[in-house]
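Thanks, everyone. Let me put the model up, and then I'll walk through the strands.

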Amino acid sequence: MSDIQRVGVVGSGLMGSGIAEVSARAGLDVIVAEVNVDAAAAAQGRIASSLARGVKSGKLSEADRDAALARIRFTTDIGDFGDRQFVVEAVAENEQIKTEVFTALDKVVKDEDAIFASNTSSIPIMKLGMATGRPEQVIGVHFFNPVPVLKLVEIVPSLLTGSTTQDRAEEFVRGTLHKEVIRSQDRAGFVVNALLIPYLLSSIRMLESGFASADDIDNGMVLGCAHPMGPLRLTDLIGLDTTKAIAESMYDEFKEPLYSPPPLLLRMVDAGLLGKKSGRGFHNYAK
Ligand code: 3HC
């Protein structure tokens with residue numbers, strides 16, 4: 001049984017708010033750090049509407065929803081993380097921003113056994129570990145979007161992650177958060193994105209070259225292969241900016257053309273067409 005009760009989440013975009021939600025639903029005390037009050041309010045709204053889906057579908061009582069919401073506090077000061085036992089970083093997929101977060105956490109978290117987790121999908125855990133004075137306590141704990149729905153978490157130790165950290169993180173994810181675990185080596189993309197990202201990029205190249213329409217590409221994979229959504233709609237869900245950032249990290253690591261982001265993806269990110277979160281990507285989500 002995990003001893004972890006006090007969780008901190010840094011960054012509350014799609015992934016961070018999902019991680020905060022599942023942690024609060026598991027009965028944990030959660031603090032979420034955001035850069036400003038507007039971002040915190042947006043995350044609070046996302047979590048509230050996700051919990052409302054649970055109530056609507058009969059999976060969650062109104063009392064449990066209220067209790068989960070009451071367990072989450074928001075702050076704009078990472079200094080409030082002093083007593084956290086498990087901190088998970090879920091800020092933008094950018095190495096410099098992430099290393100700054102880890103350096104800051106190392107200074108403020110007082111618990112000598114605290115685990116410093118990153119939800120990165122492609123940035124080396126080793127680099128994040130070396131941004132702290134305790135790399136043996138830094139580990140990749142990678143969730144999948146939508147976090148409240150998808151069961152998988154990838155656990156990624158770096159060369160210096162201690163075995164106690166690995167065991168405690170795994171016990172926490174399985175026993176407390178009730179997710180399934182797979183382990184991966186510390187290589188950009190880990191297991192799932194190493195397979196998924198080339199597939200998503202191929203679908204963008206297919207669209208870009210006029211091979212087929214967005215609807216036909218997506219319907220092909222939904223109706224022909226029983227995927228829950230097609231690759232372009234999935235890229236919209238992940239976010240085109242996030243997909244680009246992951247592809248770039250993987251390309252940096254392996255120098256394989258299959259990880260190189262196609263020009264259409266780059267231009268769409270430049271245009272602010274980021275997918276579902278911005279209202280338009282390969283499909284339209286305007287209300
Ligand atoms: N929050 C909470 N619950 C949600 C939700 C959300 N954001 N989205 C969907 N749900 C719940 C619904 O409430 C519903 O629950 P119910 O069965 O109890 O009513 C259930 O999930 C199914 O939802 P819907 O009926 O609305 O819609 P679908 O059946 O079409 O499912 C989907 C939506 C769950 C998003 C499904 O299409 C899916 O699983 N798609 C694939 C997602 C995927 O591959 N994610 C991985 C992305 S890669 C990643 O995250 C890694 C990163 O590093 C890039």
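Start with one strand pair. β5 covers residues 115-118, and β6 covers residues 138-142. These two strands run parallel, and three bridges join them. Pick out A117: its bridge partner in β6 is I139. Keep in mind that this is a predicted model.

Now zoom out to the sheet. How many strands form it, and in what order? There are eight, and the order is β3-β2-β1-β4-β5-β6-β7-β8. The sheet is open, and its pairing is mixed. So which strands stand at the edges? They are β3, residues 72-75, and β8, residues 180-183. Each has a single partner strand, so one side of each is left without a neighbour in the sheet. What about the twist angle? Ignoring direction, neighbouring strands of this sheet are turned by 25 degrees against each other on average.

Let's go to the β8 edge. Its partner here is β7, residues 152-157. Four bridges join β7 to β8, and the two run parallel. Within that pairing, I155 stands opposite R183 in β8. There is a helix to add as well: α6, residues 163-176. Together, β7, α6 and β8 make a β-α-β unit. Which hand does that unit have? It is right-handed.

Last, the annotation. UniProt lists residues 7-186 as "domain: 3-hydroxyacyl-CoA dehydrogenase NAD binding", and that entry is unreviewed. In the model, the span of residues 7-186 is 42% helix and 20% strand. The C-alpha atoms at its two ends lie 24 Å apart.

That's my tour. Over to you for comments.

How values were computed:
Residues are numbered from 1 along each chain as its sequence is written. This is a predicted model: local features need pLDDT of at least 70, side-chain atom pairs count only at pLDDT 80 or more; totals for chains, interfaces and linings use all residues. Two strands pair if DSSP finds at least two bridges between them. Axes are lines fitted to C-alpha atoms, for helices over the stretch in contact, and angles run from 0 to 180 degrees between N-to-C directions. UniProt positions are given in the numbering used here, feature names are shortened, and annotations may be inferred rather than shown by experiment. A crossover is right-handed if, with the strands pointing away from the viewer, the path from the first strand over the helix to the second runs clockwise.
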